[in-house]
Amino acid sequence: MGNSRREFLKQLASTTALATALAPASSNFLMGESSAAIHSDAANSAQTNGNAANGKKIGYCIVGLGRISMGQFMPGVRISQQSKIVALVSGHRPKAERVADQYGVSHSAIYNYENYDTIHNNPEIDAVYIALPNGMHAEYTIRAAKAGKHVLCEKPMANTVEECEQMIAACKQANRKLMIAYRCRYEPTNLKAIELLRQGYAGKLLAIDSSNGFNIRPGEWRLNKKLAGGGPLFDVGIYSIQAARYLTGEEPAEVQAYSSVTDHDGRFTEVEENVVWNFRFPSGVLASCATTYGSNFIGGYARAVGSKGMLELNPAFGYQGQHLTGKTEGSQPLDINYHIPAPKQFAVEADYFAGCIAENKEPKTDGEEGLRDQRLMAAIYQSCADGRSIKLVG
Ligand code: NAD
């Protein structure tokens, strides 16, 4: 580990240790952060899905049998209440048949990337879950919408702002719902932090501090610009962008960012290794965020500092183990750990979208929400390239 790395980590890792118990139970795992300002309640005019209307589970077609789908989402659906897996899309037929047998999926409901559009003819499929490299999200979302299916698409929404706009337009035209899989927006510890901050737990909010990252292996598609769209910012920095927005409930007015490569070991020829950025929010709250592909953060963290004290989610973004601590002047320290094991977050996410389909509600993390982050990531990269701050409109 070089000096520059050490400095970078030191900058990222200054943490306050806080403890002791006071853990109100999570209100309702499925409710979402009703008090968050970034929240879309607008119901759309899509027709209620046939299976949902019949009170049946929503049928998901899994697109891409990689780590997140096989390791988390599919096991999550297995323990869900309103969701089931009814079809698979894979380029590897023997593997898909093995997975189909594990989940009771008919071999006739295994598709590949060429005949994917024929999911149109399968009425068991209500929605697709897209777990492909980022650069493929737009194409497979648009094709699903054209096939008449709702779309739950992994983050980041796509490679570019234009792709996000095309995805939104395609789903709107087909009258299908589009949700971006921001699972932390449905996770009780993150929701509790939002609730406490909105109630004034930390007083007047002053600053946010958040980081997330991991040490990437060579050869990953995440290091390929065409497949990944960007570096750690797109992959894991996006969690800190989300946290800065949902903890403040505001949209950034200005961004200043820097990127760097400190490990010249051949991994970072197409995407950056490190990004740090600041957001200035309209109220005056400042956020300081960092992301890296050069160090393991194990779940990342997010802190909110206010006039009366502070709240810390650490880890904040992992598949399990979220921990919320807080300390304010003159009160007992706060320590909340809901002990929710993986893959529960994914069961909740699958069921939340199933509920949106069944009740004809617009998801809280819809395409517009994914687009907001995509615009911010574009502004962060622009700031890195131009060496100046970028003012954000509207
Ligand atoms: P992965 O590499 O494990 O899986 C990718 C899948 O895409 C594989 O099944 C692979 O065969 C398939 N694929 C099809 N064409 C491909 C191509 N040209 N190159 C590479 N793979 C191709 O990736 P992953 O870690 O599962 O990530 C998939 C998506 O899920 C990404 O968008 C990522 O950002 C997102 N993700 C989300 C979370 C979360 O917590 N929400 C966590 C990890 C990943």
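This short talk walks through the fold of one predicted protein model, its two sheets, some of its loops and the surroundings of its ligand.

Before I start, a word on conventions: residues are numbered from 1 along each chain as its sequence is written. Because the model is predicted, local features need pLDDT of at least 70 and side-chain atom pairs count only at pLDDT 80 or more, whereas totals for chains, interfaces and linings use all residues.

Let me begin with the chain as a whole. The protein chain holds 11 helices and 15 strands, where helices (H or I, at least four residues) and strands (E, at least two) are DSSP runs, numbered from the N terminus. Of its 394 residues, 51% count as buried; a residue is buried if 20 or more other C-beta atoms lie within 10 Å of its own, exposed if 12 or fewer, and partly exposed in between, with C-beta atoms placed from the backbone. Among contacts between residues at least 6 apart in sequence, 72% join residues at least 24 apart, a contact being two residues whose C-beta atoms, placed from the backbone, lie within 7 Å.

Now to the sheets. Strands of a sheet pair through backbone hydrogen bonds, either parallel or antiparallel, and two strands are taken to pair if DSSP finds at least two bridges between them.

One open sheet has 6 strands in the order E3-E2-E1-E4-E5-E6, with parallel pairing. At its edges are strand E3 (110-111) and strand E6 (178-180), each of which pairs on one side only. Helix H10, residues 344-359, packs on this sheet and touches strand E1 (58-63), strand E2 (83-89), E4, E5 and E6, and its direction makes about 125° with that of E1; for such angles, axes are lines fitted to C-alpha atoms, for helices over the stretch in contact, and angles run from 0 to 180 degrees between N-to-C directions. Within the sheet, strand E4 (residues 127-130) and strand E5 (residues 150-153) run parallel and are joined by 4 bridges, with Ile130 opposite Cys153 in E5.

The other open sheet I want to show has 9 strands, in the order E14-E13-E12-E11-E7-E10-E9-E8-E15, and its pairing is mixed. Strand E14 (334-336) and strand E15 (390-391) stand at the edges with a single partner strand each, so one side of each is left without a neighbour in the sheet. Helix H9, residues 232-248, packs on this sheet, touching E7, E9, strand E10 (286-292) and E11, and its direction makes about 160° with that of E7. Helix H11 (residues 367-386) lies across E8, E9 and E15, at about 60° to E8.

We can follow part of this sheet strand by strand. Strand E7 (residues 205-213) runs antiparallel to strand E11 (residues 301-306), with 6 bridges between them, and here Ser210 stands opposite Ala302. From E11, a hairpin leads through 2 residues to E12, and Val305 faces Met310 across that pair. E12 then pairs with E13 in the antiparallel sense over 5 bridges. How enclosed is strand E13 (residues 324-328) by the rest of the structure? Largely enclosed, because 4 of its 5 residues are buried. E13 and E14 are antiparallel and share 3 bridges, and in their hairpin, with 5 residues between the strands, Gly330 takes a positive phi near 70°.

Some loops also deserve a look. The peptide bond between Lys155 and Pro156 is cis, with omega about -15°, and Pro156 sits in the loop between E5 and helix H6 (161-173). A cis bond also runs from Asn314 to Pro315, with omega near 0°, in this case with Pro315 in the loop between E12 and E13. His339, in the loop between E14 and H10, has a positive phi of about 50° although it is not a glycine, and His339 is exposed, with 9 other C-beta atoms within 10 Å.

Finally, the ligand. Which residues are closest to the ligand? Of the 17 residues that surround the ligand, the closest are Gly64, Gly66, Arg67, Ile68 and Glu154, a residue being near if its C-beta atom, placed from the backbone, lies within 6 Å. The shell has 8 nonpolar, 4 polar and 5 charged residues, where Ala, Val, Leu, Ile, Met, Phe, Trp, Tyr, Cys and Pro count as nonpolar, Asp, Glu, Lys and Arg as charged, and the others, Gly among them, as polar. At least three shell residues come from each of domain 1 (3-30 + 188-339 + 367-391) and domain 2 (50-183), with bounds from an automatic or database domain assignment.
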